[in-house]
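Welcome! Here is a short briefing to help you find your way around a new structure. Take a look at it first, then read on.

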Amino acid sequence: MTNEVGFIGLGMMGGPMAKRLIARDYKLTIHDLRPEVVAEFSDQGAGVAGSPAEVASRVETVLVSLPTPDVVREVALGADGIIGGSAVKTFVDLSTTGPNRAKEIAAGLKSKGITAVDAPVSGGVTGAKAGTLSVMMAGPKALCESLQPCLQVIGKHVFYVGTEPGQGQMMKLLNNLLSATALAASSEAMVLGVKSGLDPRVMVDVLNVSSGRNSATLEKIPRAILPRTFDVGFRTELQIKDIRLCLEQADQLGVPMWIGQTVREMWAFAESQGGGQEDISAIIKHMEKWAGVTVRESS
Ligand code: NAD
């Protein structure tokens, strides 16, 4: 693999990932719908393409980090999509797209001799900036090995999950269901603790060296909820997308999801209150409102 790659979707995750690649001397050809982002990357020396097809006519490997499965399909297989590119050989999807869509896209691209690799990531915006993401890669083994040096620029742990399209996506959905469960359940516990008179900072300190610790108590609550910044960097609507994709797989495979269903309802409630665009850490506000307390670090 050369150091010339395409990058489509330069948002909360894609932006910092692309910046890391530029800093490591990768020559990027980028595309995004937002002109301000395109201008920022152009200033940093990236080539700019007007469409996914144009990106895919300039480079052999195209990475994408896009919000929803429908957008990924449009960018990959749509009228002006990567499928129409004359140079592209490999499509790498860093987004959370779900196994079904990953398989559909892989089959569509294969008809034009393009190989799809699903490589969803975990670790949030902080991990994207620091290059410490986990990457869950699925696709032909030799091709995935050749992508390692590039993906190691964005990920500290680059896992090879399997050969079948969608296996990386499945792994990612399981991770995100657990992460969403941890945040919802930990938010409830924090609200209950504060209502009973406990200090939230003391609670976090106790939990993080005790058996209740998880990704919410370790990171999201101390960093974004106690200081009331609500800036984890992941939107509620994207969280719900991931939970839905996971439960869709459970339905398809006939696996019970007692807790997962409840977690979905909690996040769907948050969205129904107008919070789709809100940061995931804001879910605690609904529990606080009900209980009549605020989980805030005392000054
Ligand atoms: P985002 O909305 O911040 O970024 C998406 C980018 O894609 C934006 O810059 C947008 O302008 C661009 N875009 C949208 N439609 C496009 C199109 N048709 N053509 C070209 N560009 C287009 O989203 P994000 O938070 O960066 O998430 C990206 C993906 O990564 C999602 O699938 C998400 O589930 C996943 N993810 C996010 C996080 C997180 O913490 N934010 C963590 C892990 C995985």
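How many Å separate the centres of domain 1 and domain 2, taken over C-alpha atoms? The answer is 28 Å. Please keep in mind that this is a predicted model. Its chain is divided into domain 1, covering 4–163, and domain 2, covering 170–291.

**The chain as a whole**

- Along the chain you will find 13 helices and nine strands.
- The radius of gyration is 20 Å, close to the 19 Å that the globule rule gives for 299 residues, so the chain is as compact as a globular protein of that length.
- Along the principal axes, the C-alpha atoms fill a box of roughly 65 × 45 × 35 Å.

**Where the two domains meet**

- Domain 1 and domain 2 bury about 1200 Å² between them, and carbon and sulfur atoms give 61% of that area.
- On the domain 1 side, T96, P99 and N100 lose the most area to domain 2, together making up 38% of what that side buries.
- Seven residue pairs are in polar contact across the interface of domain 1 and domain 2 (both residues at pLDDT 80 or more), while the rule finds zero salt bridges there.

**The domain 1 side in detail**

- Three elements, α5 (99–110), β7 (121–122) and α6 (124–130), each supply at least two residues of the side of domain 1 that touches domain 2.
- The residues on that side of domain 1 divide into nine nonpolar, seven polar and no charged.

Terms used. Residues numbered from 1 in each chain as written. Predicted model: local features only at pLDDT ≥ 70, side-chain atom pairs only at ≥ 80, totals over all residues. Heavy atoms only, no water. Domains from an automatic or database assignment. Buried area = accessible area lost by both parts, 1.4 Å probe. Salt bridge = Lys/Arg side-chain N within 4 Å of Asp/Glu carboxyl O. Polar contact = N/O pair within 3.5 Å; in protein donor to acceptor, adjacent residues only side chain to side chain. Helix = DSSP H or I, 4+ residues; strand = E, 2+ residues; numbered from the N terminus. Nonpolar A, V, L, I, M, F, W, Y, C, P; charged D, E, K, R; others polar. Rg over C-alpha atoms; globule rule 2.2 N^0.38 Å.
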